[in-house]
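Reader: I should be grateful for a close look at a single part of this model. Please describe that part and its surroundings in one connected account.

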Amino acid sequence: MKSFQVADFNAPLKEVDAPTPEPTGTQVLIRVKAAGVCHSDLHIWEGGYDLGHGRKPLSLKDRGVSLPRTMGHESAGEIVAFGPDAKNETGGLKVGDVVLVYPWLGCGKCETCRGGDENMCVVKPNLLGVYCDGGYADHMTVPHPKYLLDLKGLDPVTAAPYACSGVTTYSAIKKVENVMHTPIVVFGAGGLGLMLLSLLKAMGGKGAIVVDIDAKKREAAMAAGALAAVDGKAPDALEQLAKAAGGPIRAVIDLVGSAQTTQLGFDCLTKGGKLVIVGLFGGGAPWALPLIPIKAITIQGSYVGNLRETQELLDLVRTKNVAAIPVTPLPLAKANEALLDLQKGKLVGRAILTP
Ligand SMILES: [Zn+2]
Ligand SMILES: [Zn+2]
């Protein structure tokens, strides 16, 4: 089995050859066919998040991420073998089936996990590709078949991103679903932004006004059906947003999460509006506190999504024929280059490693 691992934070990934594991207990062995390179992999690789205000960066090492680690939480592949205790719990899956791996695992035992929100577990997060090994490899093991979602004819290369960018945007849209009949302002037209545009349409939303400082990404957003695209750095960005919306802006989804984007997002909202922050770019909160009650703004964080939402998303993709986001398939050996390109902001759409 070949994998590309983070051996040291910020150092190039290390190519590792090891025996292919035998699944034990309820584990399932997957032959990886697709592993999306996600922006949050950059944070894992770099070892933390910028918290702004001159604070010490949030360190992933302090939060229990140990090295070496195989990243990759957007994985799809073929079932190779079930562990001895998984055979009666396959949920109808069989060897050879092509599945999406749900990666946002928790302890599996606490009230939050048992309630179906393993992604919100604080007892012991076991996120695949973060705390446990993920898909930057030709094989990976998954602790239980219940985390495998049958792709039933969907292309694993374009479906892999549903495990992260897909369910992240789906869950964020669900948080503003009640005002989806009005234009939603969306910050960021990278992989997440393009995914959001197609999901919003499939869910029956009016559409999104996309904000991005990169002209190429604004073009990609327009091509993907955005109602309008605004340069967040333009001095009149706020006026442009108001004009494009043609009415009060009730919801903002910020897929960037910088001081600049959350400021503009906050400022463009009408009274009672909601700002959903998804992106982890980092920095300090920029709002004047009295304006939060005066404008009665709701600020809500959204972190990936749960297993049920991931299944709902796959069902939506199938029933509404959601168009796949643009992907760039790359051989596994290009894992380092893909990360560097992402760091430089050179990628439009999603890089997918195809071991
Ligand atoms: Zn991700
Ligand atoms: Zn838990």
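**The metal site and a surface patch**

Author: In this predicted model, leucine 280 counts as partly exposed because its relative accessibility is 38%, a value that falls between the limits of under 20% for buried and over 50% for exposed. Leucine 280 lies in the loop that runs between strand E15 (274–277) and helix H9 (291–294). Together with Met120 and Tyr303, Leu280 makes a nonpolar surface patch of about 280 Å².

The metal site is the next point to consider. The zinc ion (ligand 1) is coordinated by the SG atom of Cys38, the NE2 atom of His73 and the SG atom of Cys164, at 1.9 to 2.2 Å. Along the sequence, the donor residues of this zinc ion follow the spacing C-x34-H-x90-C. The two cysteines link distant parts of the chain, for they are 126 residues apart. Cysteine 38 sits in the loop between strand E3 (28–37) and helix H1 (39–46), while cysteine 164 sits in the loop between helix H3 (156–159) and helix H4 (165–174). In contrast to the partly exposed leucine 280, both cysteine 38 and cysteine 164 are buried.

Helix H1 (39–46), which borders the loop of cysteine 38, is itself mostly covered, with six of its eight residues buried. These buried residues are Ser40, Asp41, Leu42, His43, Ile44 and Trp45. Just after H1, glycine 47 adopts a positive phi of about 95 degrees.

How values were computed: Residues numbered from 1 in each chain as written. Chains lettered and ligands numbered in written order. Predicted model: local features only at pLDDT ≥ 70, side-chain atom pairs only at ≥ 80, totals over all residues. Heavy atoms only, no water. Donors = N, O, S within 2.8 Å, 3.2 Å for Na, K, Ca; no water. Helix = DSSP H or I, 4+ residues; strand = E, 2+ residues; numbered from the N terminus. Buried < 20%, exposed > 50% of the residue type's maximum accessible area, 1.4 Å probe, protein only. Patch = residues over 30% accessible without salt bridge, like charges linked within 9 Å, V, L, I, M, F, W, Y side chains within 5 Å. Areas by Shrake-Rupley, 256 points an atom, 1.4 Å probe, with all protein chains shown as cover. Salt bridge = Lys/Arg side-chain N within 4 Å of Asp/Glu carboxyl O.
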